[in-house]
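Please read the following report alongside the sequence and the model. It moves from one part of the structure to the next.

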Amino acid sequence: MHPNDGNLSSNPNAHTIEVLQEMCKLYDQMQDSWRTLAYRKAIATLAKQKTKTNTKEEAQALPYIGSRLAEKIEETVLTNRLRRLDSNRNDPRDQVLRLFQNIYGVGLSQANKWIQQGHRTLDDLLQKAKLSENQKIGIMHYNDFLARIPREEVEAHGAYVRTTLQRIDLNFEVIIMGSYRRGAKDSGDIDLIITKKGASIGKLGSVVFGKLVPRLFKEGFLKASLATSHSNDGTKWHGASCLPDSTTWRRLDLLLVPEEEMGAALIYFTGNDIFNRSIRLLASKKGMRLNQKGLYKNVARGRNREKITEGTLVEGRSEKRIFRILGVPWRQPEQRIC
Ligand code: DCP
Ligand code: MG
Ligand code: MN
């Protein structure tokens, strides 16, 4: 789960969760996806407790918490910190690695490459490294993109896009998704679904890419497009936006969704990513497949669950019906944290 989903400050395990979240981030940056997932599940479990979890035994009795993690929870409660975290924080190489990996769009291998080339600071990179346009923007707006976006500001970006879009066509809708829809008090970026009743993906694309995006750039609201390798299927736009009275650039993601795919898109773009992984796994165990466009049946799968045929569409339109067909009790977005 994300630490800012729901209201964590009132949680009896708030401090423990904060420390575990830091550990989780370290493992994520080391691309240790197994430990990252284990930590995230444990964090979500702790966040649901009504009382403080103090001992190893108490922790281990909870779902998704094994003995090693239970020991770490006890250590955190007793010492207010984790030794493992301290040693990692003080290692200069890890500090540079973290600095570089916190550049938007930069992962472990790119960060390591720069370190091997002898770079140690953001200035080194700007002056000496060969950078892509995306990387330059990520470095120039390093602090902007790392900062959390208050809920009201997420709303203001959504409203800005909506107003501009509805001046082009009143029947367009803009829905704020991601951690915002899960009720988070602040978000890492702004995720918007753009849709219109009866409009095909081609029609949506021609309005959004042909009119909306150029207009938003001209007005100075959009500042940059940030291409990613998986964004060029004509349904997504990634970039940066900035409110008229501000100088802080925010990350903005647009997802174009035709009406008949709305339910599947709502599930996908609400997340969180862990929830998506588990609901997709459940679909695959039932011989179905869930992606951001729909729920499919009669999907032939091979030995390793890899799909052999696409299957036939069962449901795409309605979020609730997808849950029902999968046999998953309805969960409010606020509850979709693991
Ligand atoms: N998503 C996913 N798998 C990913 C990335 C995203 O399923 N690898 C889905 C679930 C996310 C949603 O897309 O909730 C939006 O992605 P974000 O990266 O914007 O994540 P959130 O909005 O959930 O959190 P944040 O506040 O950090 O933006
Ligand atoms: Mg988001
Ligand atoms: Mn996003």
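Strand β9 (residues 295-297) is joined to β10 by three bridges, and these two strands run antiparallel; helices (H or I, at least four residues) and strands (E, at least two) are DSSP runs numbered from the N terminus. Within this pairing, Tyr296 has Leu313 of β10 as its bridge partner. Both strands belong to an open sheet of three strands, ordered β8-β9-β10 with antiparallel pairing, where two strands pair if DSSP finds at least two bridges between them. The edge strands of this sheet are β8 (289-290) and β10 (312-315), each of which pairs on one side only. Helix α16 (residues 319-326) lies across β9 and β10 and runs at about 105° to β10; axes are lines fitted to C-alpha atoms, for helices over the stretch in contact, and angles run from 0 to 180 degrees between N-to-C directions.

The model is predicted, so local features need pLDDT of at least 70 and side-chain atom pairs count only at pLDDT 80 or more, while totals for chains, interfaces and linings use all residues. Residues are numbered from 1 along each chain as its sequence is written, and chains are lettered from A and ligands numbered from 1 in the order in which they are written.

Another strand, β7 (residues 250-256), is mostly covered, since five of its seven residues are buried; a residue is buried if 20 or more other C-beta atoms lie within 10 Å of its own, exposed if 12 or fewer, and partly exposed in between, with C-beta atoms placed from the backbone. Strand β4 (residues 190-196) pairs with β7 in the parallel sense over five bridges, and Ile193 stands opposite Leu255 in β7. Strand β6 (residues 236-241) is joined to β7 by six bridges, and those two strands run antiparallel; here Lys236 has Leu255 as its bridge partner.

Thr235 is found in the loop between β5 (222-225) and β6. Leaving aside neighbours within four places in sequence, Thr235 is in contact with Ile201, Leu255 and Leu256, contact meaning that the C-beta atoms, placed from the backbone, lie within 7 Å. Lys52 lies in the loop between α2 (33-48) and α3 (56-60), and with the same neighbours left aside Lys52 is in contact with Pro12 and Asn13. The table lists the C-beta neighbours of three residues.

| Residue | C-beta neighbours within 10 Å | Class |
|---|---|---|
| Lys72 | 23 C-beta atoms within 10 Å | Lys72: buried |
| Thr235 | 20 C-beta atoms within 10 Å | Thr235: buried |
| Lys52 | 14 C-beta atoms within 10 Å | Lys52: partly exposed |

Lys72 lies in helix α4 (residues 67-79) and is covered by the UniProt annotation "active site", which comes from an unreviewed entry; such annotations may be inferred rather than shown by experiment, and their positions are given in the numbering used here with feature names shortened.

Which residues come nearest to ligand 1? Of the 14 residues around ligand 1, they are Gly178, Ser179, Gly188, Gly271 and Asp273, where near means that the C-beta atom, placed from the backbone, lies within 6 Å. The elements that give two or more residues to this shell are α12 (178-181), α14 (262-270) and α15 (273-285). The shell divides into three nonpolar, eight polar and three charged residues. Helix α14 is largely enclosed by the rest of the structure, because eight of its nine residues are buried, among them Gly263, Leu266 and Phe269. After α14 comes Gly271, whose phi is positive, near 65°.

Technical notes
Nonpolar A, V, L, I, M, F, W, Y, C, P; charged D, E, K, R; others polar. Contact = placed C-beta atoms within 7 Å.
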